[in-house]
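Here's a walk through the fold, strand by strand, with a few single residues to stop at along the way. Keep the structure open while you read.

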Amino acid sequence: PSSLNGKSVLILGGGDAAFDRGLRLSGIASSVTIICRGRTSALELLVKRAINAGVRIVQDAGESRPISSGKGALVSTRKGVFCGDALLLCIGKGPNTSILPTPLEKLSLQALTGETNIPGLFVIGDAMAGEYRQLGVAVGTAIASAMRTGKYLKDKYGIQGTSDGWE
């Protein structure tokens, strides 16, 4: 968060996580705007606190489309284009696994590393841990998966990691 000190921040999402992040950032960012696809679903107390902290809330914005920009963040919605220095995505309670080549429930997962039965595909964080939506779980599985990914790249393509190696 210190890298966002004095910056303008856009947050996509309308739930508790978006409003919690918005409140936390309101004390250090120059401005915080929460963009909600529909109506906010956050706890009323969080919404009131965000408003009191000066967080701008845009409801019923429809689908938001981040636009590639050389500097900062641009988000296009039916309510207009929003500009900021940073963009945070706080959307969805469940992991979005639609980009996987096979449904998550059909993948064979190794619990500690996130390695799947598809060579080179690793699953981490909420997608792997399911109901255990905790940062520690995400970080732990990400580290294990990164190490296994490094080993995979070394074994398959001869790509070397850092001077300390992959393991």
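## Starting in the middle of the sheet

Let's begin with one pair of residues: Ile 11 has Ile 34 in S2 as its bridge partner. Remember as you look that this is a predicted model. That pair belongs to a parallel pairing of S1 and S2 that runs over 5 bridges. The two strands also sit in a right-handed β-α-β unit, made of S1, H1 and S2.

Is S2 mostly buried or exposed? Of its 5 residues, 4 are buried, so the strand is largely enclosed by the rest of the structure.

## The rest of the parallel sheet

Move on from S2 and you get to S3, which pairs with S2 in the parallel sense over 3 bridges. For a landmark, find Thr 33, whose bridge partner in S3 is Arg 56. Here too there's a right-handed β-α-β unit, built from S2, helix H2 (residues 44-52) and S3.

Now look at S1 again, the strand at residues 8-12: S1 pairs with S7 in the parallel sense over 4 bridges. Val 9 is a handy marker, standing opposite Ala 86 in S7. Put together, the order is S3-S2-S1-S7, an open sheet of 4 strands with parallel pairing. S3 and S7 (86-89) are the edge strands, each pairing on one side only. From one strand to the next, the twist averages 20 degrees. Helix H1 (residues 16-26) packs on this sheet and touches S1, S2 (31-35), S3 and S7. The direction of H1 makes about 170 degrees with that of S2.

## The antiparallel strands

S4, S5 and S6 are next. S4 (residues 65-67) runs antiparallel to S5, and 3 bridges join the two. S5 also pairs with S6 (residues 80-84), again in the antiparallel sense, over 5 bridges. S5 and S6 make a hairpin, with 2 residues between them.

Leu 74 is a good residue to click on here. Ile 67 stands opposite Leu 74 in S5, and Cys 83 is the bridge partner of Leu 74 in S6. Which side chains of S5 (residues 73-77) are buried? Ala 73, Val 75 and Thr 77 point to one face and are buried, while Leu 74 and Ser 76 point to the other face and are not.

## An odd backbone angle

Take a look at Asp 60, in the loop between S3 (56-58) and S4. Most residues other than glycine have a negative phi. Asp 60, though, isn't a glycine and still has a positive phi of about 55 degrees. The residue is partly exposed, with a relative accessible area of 26%.

## Two residues in one loop

Thr 116 and Ile 91 are worth comparing. Thr 116 lies in the loop between S7 and helix H3 (125-129), and the place of Ile 91 is in the loop between S7 and H3 as well. Which of them is buried, and which is exposed? Thr 116 counts as buried because its relative accessibility is 9%, under the 20% cut-off. Ile 91 counts as exposed because its value is 57%, over the 50% cut-off.

Their contacts can be listed too. Leaving out residues up to four places away in sequence, Thr 116 touches Leu 107, Ser 108, Leu 109, Leu 121 and Val 123. A polar atom of the Thr 116 side chain also lies 3.1 Å from the backbone nitrogen of Ile 118. With the same sequence neighbours left out, Ile 91 touches Leu 12 and Gly 13. The C-alpha atoms of Ile 91 and Gly 13 are separated by 4.8 Å, although the two residues are 78 residues apart along the chain.

## A pair of tyrosines

How many aromatic pairs does the structure hold? There is 1 aromatic pair. Tyr 152 and Tyr 157 form it, edge-to-face, at 6.4 Å centre to centre and with 80 degrees between the planes. Tyr 157 counts as exposed, at 52% relative accessibility.

Conventions
Residues are numbered from 1 along each chain as its sequence is written. This is a predicted model: local features need pLDDT of at least 70, side-chain atom pairs count only at pLDDT 80 or more; totals for chains, interfaces and linings use all residues. Side-chain values use heavy atoms; hydrogens and water are left out. Buried means under 20% relative accessible area, exposed over 50%, partly exposed in between (1.4 Å probe, protein chains only). Two strands pair if DSSP finds at least two bridges between them. Axes are lines fitted to C-alpha atoms, for helices over the stretch in contact, and angles run from 0 to 180 degrees between N-to-C directions. Contact means heavy atoms within 4.5 Å. Rings of Phe, Tyr and Trp (its six-membered ring) pair if their centres lie within 6.5 Å; planes under 30 degrees apart count as stacked, over 60 as edge-to-face and the rest as tilted. A crossover is right-handed if, with the strands pointing away from the viewer, the path from the first strand over the helix to the second runs clockwise. A polar contact is a pair of N or O atoms within 3.5 Å; within protein, one must be able to donate a hydrogen and the other to accept it, and residues adjacent in sequence count only if both atoms are side-chain atoms.
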